[in-house]
Amino acid sequence: MQIKPIIDVHSHLGQFTHAPMSADGARLAALNEEAGIAHGVTFSIEACYGALDLGNAYTLAEVAKQPSLSAMVVVHPRHLASSARWVAEAKSNPDIVGIKLHPALGQWDVLSVASFRLMDEVIAPSGLPVLSHTGNDSQFVTIDRYLRLAERYPTVRFIAAHLGVGITGYSDASIDAWRERPLPNVWFDMGTLRAFHTGAVEAVVAAVGSDRVCFGTDAPLYPPAPFVRLLETLKLPDEVKRAIASENVLNVIPQLRQRLSP
Ligand SMILES: [Zn+2]
């Protein structure tokens, strides 16, 4: 079955470790179109490492040229002033729909004093949703630590990337962490190779609820088209696939509704 519309909540602009895994706005928009993805939320790969000013500026300039893309600005607790400036941009730039955290590449701990200061002074007052890398192999932002951060900030909407587990380590880590802390302000994205383990997405949906998993690809690190085919063939009812494709992310980021082409 074909599911439409599909919104990708997790993609990157900029230069990664290989040219084919890198993209400007035109290339990412073309990959999305080829895959049948109506709209993509994207963020700077360079800014994830700490180059906030260069990476966020490039991403916003590229997104401005592509109506099928929206942006999240990347912030970092040890670039507090720069983070505050980029988040403030959202007031005048409707292309900015959220905030991206990468504690693994940025080397900072989500449960540190610096992280709480960033949350208190910049992120929580903005009202913007947050998407963070999460993973078993990322000591600063394993899913249990991320849920503890989300519990501390109940007014902020959080997306846990990569099904909360990533490629390596224990497959049920997010299912177990959710059992301890089932939070009304947390969603997951499925942008990880782990999603291609048979039954992996279905298991997370069964544990956290069909209203809590959002479509994501991590494009262009991976080609997005196989994720669309995966979604179409998941062993889930069609209404759940539609929820994953776009309905759930529209609850996290309502302003994307206007950006879907009719
Ligand atoms: Zn990513």
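In the predicted model, helix 7 passes helix 8 in a right-handed crossing. Helix 7 spans residues 143–152 and helix 8 spans residues 173–180; the two pack at an angle of about 35°, and their axes lie 9 Å apart. On the side of helix 7, the residues that take part are Ile143, Asp144 and Leu147, and these meet Ala173, Ser174 and Ala177 in helix 8. Sorted by class, the contact of helix 7 with helix 8 comprises four nonpolar residues, one polar residue and one charged residue.

The strands of the model were examined next. Eight strands form an open sheet in the order 1-2-3-4-5-6-7-8, and their pairing is parallel. Strand 1 (7–13) and strand 8 (213–214) occupy the edges of this sheet; each has a single partner strand, so one side of each is left without a neighbour in the sheet. In general, the strands of a sheet pair through backbone hydrogen bonds, in either a parallel or an antiparallel sense.

Two helices that pack on the sheet touch strand 1, strand 2 and strand 3. Helix 1 (residues 25–35) packs on the sheet with its direction at about 145° to that of strand 1. Helix 3, formed by residues 52–64, likewise packs on the sheet, and its direction makes about 170° with that of strand 3.

Strand 4 was considered in further detail. This strand covers residues 96–101 and is mostly covered, with six of its six residues buried. Strand 3 (residues 69–74) pairs with strand 4 in the parallel sense over four bridges, and Val73 stands opposite Ile99 in strand 4. Between strand 3 and strand 4 the chain passes through helix 4 (residues 80–89), and the resulting β-α-β crossover is right-handed.

Strand 4 also pairs with strand 5, which consists of residues 130–132; this pairing is parallel as well and extends over three bridges. Within it, Lys100 stands opposite Leu131 in strand 5, and Leu101 stands opposite Ser132 in strand 5. As a general feature, the side chains in a regular strand alternate between the two faces of the sheet. Strand 4 is thus described by its parallel pairing with strand 3, its parallel pairing with strand 5 and the burial of six of its six residues.

Technical notes. Residues are numbered from 1 along each chain as its sequence is written. This is a predicted model: local features need pLDDT of at least 70, side-chain atom pairs count only at pLDDT 80 or more; totals for chains, interfaces and linings use all residues. A residue is buried if 20 or more other C-beta atoms lie within 10 Å of its own, exposed if 12 or fewer, and partly exposed in between; C-beta atoms are placed from the backbone. Two strands pair if DSSP finds at least two bridges between them. A crossover is right-handed if, with the strands pointing away from the viewer, the path from the first strand over the helix to the second runs clockwise. Axes are lines fitted to C-alpha atoms, for helices over the stretch in contact, and angles run from 0 to 180 degrees between N-to-C directions. A crossing is left-handed if the near helix is turned anticlockwise from the far one by less than a right angle, and right-handed if clockwise. Two residues are in contact if their C-beta atoms, placed from the backbone, lie within 7 Å. Ala, Val, Leu, Ile, Met, Phe, Trp, Tyr, Cys and Pro count as nonpolar, Asp, Glu, Lys and Arg as charged, and the others, Gly among them, as polar.
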